[in-house]
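Here's a quick briefing on how a couple of helices sit in their surroundings, and how some neighbouring strands pair up. Have the model open as you read.

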Amino acid sequence: MDKKLRVGILGATGMVGQRFISLLENHPWYEVVVVAASPRSAGKTYAEAVGNRWKMKTPMPEAVKDLVVLNVNEVENVASQVDFVFSAVDMSKDEIKAIEEAYAKTETPVVSNNSAHRWTPDVPMVVPEINPEHFEVIKYQRERLGTKRGFVAVKPNCSIQSYAPALHALKEFGPKVVVATTYQAISGAGKNFHDWPEMMHNIIPYIGGEEEKSEQEPLRLWGKIENGVIVKAEGPVITTQCIRVPVEDGHTAAVFVSFEKKPTKEEIIDRWVNFKGLPQELNLPSAPKQFIQYLEEDNRPQVLLDRDYENGMGVSLGRLREDVVYDYKFVGLSHNTVRGAAGGAVLCAETLTALGYIKAKA
C-alpha cells in the first residue's frame, strides 16, 4: 500500500477505543488521524481527555496524545477527515445503530465492535477465518442505505471466540449439540480491578445478555446469504452459561460437543492445528500465522500463559478427551479485548481492505 489509509476511532477514550489506539500504533496500512468521543471530551487533547484512565499495559502512543478529540455526534466533520472508522461508542443500541448508519451514509465505511448491528439482516458479522463470504451482503446494504462505498460491518461477541473457531474447524464432522460454559474476564465489561474492586476473589454467575449472544451468534456466522440478507444456520443446538470471573483479560470456555459423525481425537487435533482461513492465505498484517494451537499439557490453556498467543489473535485449546454423555469435551481460551474486540475488528478491516471494500476516499 503506497499511502496509509486515514482512520478515525469513534468512542476513542473508552477501553476498546484505547485498545484500537494501541493496536494501530505503527500499523503498516492504517494511520489514526481522528479520535472522536462524547461532547464532554471534545476539544481536549486525547491525553487530556483520557487522563489517568489509560487502561492498556503499553504507554499511550505519542502520535495520538496531542490529537484534539472531536465530537462523535458531528458526523460530517469527522467523516470528512478519514477514509473509514472503527466504532466503539458507548451509547444505547438505537443510538449506535443510528450513528453508525449516519457515518456509512457519508460514504465512510464503519467497522464496529458494538453489538447493535449484529442482527441487522444486511450487516455482515464476521470472524474473517470463518465467514468472510458474508461481506458479499454489503452490496445489498449499500442499496438500502443509498451509498456507493459506505457500509457497516461488525465483529461478533467476545465470548464465542474461544469455542466457535474450534467448532468451525470440525464442520465436516457435523457438530450437533454444544454445551459451553464461559469464564469471562472483567475487561469484557470495560473494567479493571481498580474500577471494580468487588470482583477481587469473586465470581458472578450472570452477565446480562451474554448467554443469548453466545448461543445465537455462532449460528449467524454459519448462516448463508439469501435474498440479500443473512439467514442464520439451524444448528448445531448450543446452550451456554456465562460467568464473570476475577481475571483481567482472557475468556475461557469449557465445551462439550456431540457430532453427526464422531471423529477420532487425532482427527480433531489435526483439523485444529492445520486450520487456515482467508487472513492466513492473504498474510494480513494482524492475522495469526497459526490461528489455533492445541496444548497437550493437562493444565493448559491458562489465562496468564496463553491469552497472548499470536499477539492475542490466536485461539488456544486443550484438555480434549472423550465424554460419558457427549462425544468430546475440551477447554478453549481467547483474548477477549484483542481477538474478541478491537483486534478482531482490525482484522475485519484488513480483510475488507484486501477485498477492495475499504479504499482511500478520492
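What follows takes two helices in turn and then the strands. Keep in mind that this is a predicted model.

**Helix H1**
- H1 spans residues 15-23, and seven of its nine residues are buried, so the rest of the structure largely encloses it.
- Those buried residues are Met15, Gly17, Gln18, Arg19, Phe20, Ile21 and Ser22.
- The cover over them includes three strands, S1 (5-10), S2 (30-37) and S4 (84-87).
- Helices pitch in too: H2 (46-50), H3 (62-65) and H12 (338-354) are among the elements covering the buried residues of H1.

**Helix H9**
- In H9 (residues 265-273), the buried residues are Ile268, Ile269 and Trp272.
- They sit on the same side of H9, because the arc they cover around the axis is only 95°.
- That fits the textbook picture: an α-helix has 3.6 residues a turn, so residues three or four places apart point the same way.
- Among the elements covering the buried residues of H9 are helix H7 (164-168) and the strands S12 (292-295), S13 (315-322) and S14 (328-334).

**Strands S12, S13 and S14**
- S12 and S13 run parallel, joined by four bridges.
- In that pairing, glutamine 293 is opposite serine 316 of S13.
- S13 also pairs with S14, this time in the antiparallel sense, over six bridges.
- Here glycine 318 is opposite valine 331 of S14.
- S13 and S14 make a hairpin, with five residues between them.

Methods. Residues are numbered from 1 along each chain as its sequence is written. This is a predicted model: local features need pLDDT of at least 70, side-chain atom pairs count only at pLDDT 80 or more; totals for chains, interfaces and linings use all residues. Side-chain values use heavy atoms; hydrogens and water are left out. Buried means under 20% relative accessible area, exposed over 50%, partly exposed in between (1.4 Å probe, protein chains only). Helices (H or I, at least four residues) and strands (E, at least two) are DSSP runs, numbered from the N terminus. The arc is that of the directions from the helix axis to the C-beta atoms. Contact means heavy atoms within 4.5 Å. Two strands pair if DSSP finds at least two bridges between them.
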